[in-house]
Structure formats: C-alpha cells, structure tokens
Amino acid sequence: MSELTLTVLRLGLLALLWLFVLAVVGVLRTDLLGTRVTARRTERQRGRQRRAEPPPEAPAPRRERATLVVVEGSLRGTTLALGQSPVLIGRGADCTLVLDDEYASTRHVRITPAPDGAGWLVEDLQSTNGSYLGRDRLSTPVPFEPGTPLRIGRTVLELRR
C-alpha cells in the first residue's frame with residue numbers, strides 16, 4: 001500500500017476512535033447527571049398569544065374533585081389536583097409529576113378520568129420495575145379508588161377526595 005493510503009486509513013481510524021470516545025462520554029454524562037429539566041414557559045413569556053378556541057363541546061360528566069398525594073418518597077407531601085386531563089407520572093421532564101426515584105421509568109404511569117365520568121383509571125406504561133396498586137401489579141388499566149396506595153419504585157401515591 002502507498003504511504004498516502006496508510007495515512008488516510010490512520011486518520012479515519014483516529015476519527016472513529018474519537019467519535020466512540022465522545023459517545024461514551026455523552027452516555028456517562030447522561031447517567032451521572034440525569035435528564036435535563038427544562039422550565040415551562042408561562043403565558044406572559046409566550047407573549048400572550050391567543051389561538052382561536054374550538055367551539056364548545058358537550059359538557060363533561062360532573063365528577064368529584066380528587067387530589068393525588070405523595071405519601072412516601074423524596075416528594076413526600078406533594079399534592080396534585082386531578083381534573084379532566086390525564087396525568088403522566090415518571091422521571092421524564094414532560095411528565096405532570098416528575099419523580100426523583102431511580103426505580104421509576106421515564107414515563108411510568110398514566111392516570112386518566114374513567115370513561116363513565118365516575119372516578120379515575122391507573123395504567124402502567126410498560127415500566128421496567130412495574131407499578132403496584134395495593135398489593136397487585138398493574139398489567140391493564142384498573143380503577144383507582146381513594147385510599148388505595150399506588151407504588152412506583154420507592155414512591156407511594158394515594159388518591160384522596
């Protein structure tokens with residue numbers, strides 16, 4: 001082989017080696033520092049831009065107010081009012097309730113209003129370590145009754161009215 005070919009191959013191998021090292025450093029940084037938490041913009045920061053609102057829909061069924069309370073874990077004492085929209089719980093920055101629990105998945109559990117308008121359903125989103133409602137591991141969406149503990153890793157949540 002010519003001298004030029006060997007030099008080009010060496011430089012190519014060196015570039016690949018540096019790409020590999022940078023990829024490893026990126027993975028280690030993510031594992032050590034966790035995910036980036038981005039602040040949500042307020043309406044004032046968005047410039048108060050209003051979009052055309054869709055026509056009003058039929059009134060939703062009236063449901064009792066409920067609150068999700070963190071009973072155990074690093075966020076103990078945190079409360080979250082449940083409304084008409086689903087609540088996503090996990091470690092991801094896009095979750096409604098962001099858990100600081102190494103046993104929780106990025107998107108671990110979703111709590112949605114029941115279709116009949118009376119209560120809520122809890123659903124495990126194929127998490128690695130699973131979710132437990134009472135003593136039962138969740139595999140399908142099940143009704144979430146007040147007072148029943150929902151365990152996600154080391155965090156325990158409870159629905160209260």
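Me: What makes the pair aspartate 94 and arginine 107 a polar contact?
Reply: A polar contact is a pair of N or O atoms within 3.5 Å; within protein, one must be able to donate a hydrogen and the other to accept it, and residues adjacent in sequence count only if both atoms are side-chain atoms. The side chains of aspartate 94 and arginine 107 are joined at 2.3 Å, so the pair falls under that definition. Their C-alpha atoms are separated by 8.7 Å, and the two residues are 13 residues apart along the chain. This is a predicted model, in which local features need pLDDT of at least 70 and side-chain atom pairs count only at pLDDT 80 or more, while totals for chains, interfaces and linings use all residues. Side-chain values use heavy atoms, with hydrogens and water left out, and residues are numbered from 1 along each chain as its sequence is written.

Me: Why is aspartate 94 called partly exposed?
Reply: Buried means under 20% relative accessible area, exposed over 50%, and partly exposed in between (1.4 Å probe, protein chains only). Aspartate 94 has 41% relative accessibility, so the residue counts as partly exposed.

Me: Why is histidine 108 buried or exposed?
Reply: Histidine 108 is buried, because its relative accessible area is 0%. The side chain of histidine 108 has a polar contact of 3.0 Å with that of serine 131 and reaches the backbone nitrogen of serine 105 at 2.9 Å. Contact means heavy atoms within 4.5 Å; leaving aside neighbours within four places in sequence, the contacts of histidine 108 include Ile89, Tyr103, Asp124 and Ile152.

Me: How do you know that aspartate 124 has no salt bridge?
Reply: A salt bridge is a side-chain nitrogen of Lys or Arg within 4 Å of a carboxyl oxygen of Asp or Glu. Lys and Arg count as positive and Asp and Glu as negative; His and the chain ends are not counted. For the buried aspartate 124, the nearest side chain of opposite charge is arginine 137, 5.9 Å away. Aspartate 124 does have a polar contact of 2.7 Å with the side chain of serine 127, and a polar atom of its side chain lies 3.2 Å from the backbone nitrogen of glutamine 126.

Me: What makes E1 and E2 a pair?
Reply: Strands (E, at least two residues) are DSSP runs, numbered from the N terminus, and two of them pair if DSSP finds at least two bridges between them. Strand E1 (residues 66-72) and E2 have four bridges, in the antiparallel sense. Leucine 68 stands opposite leucine 80 in E2.
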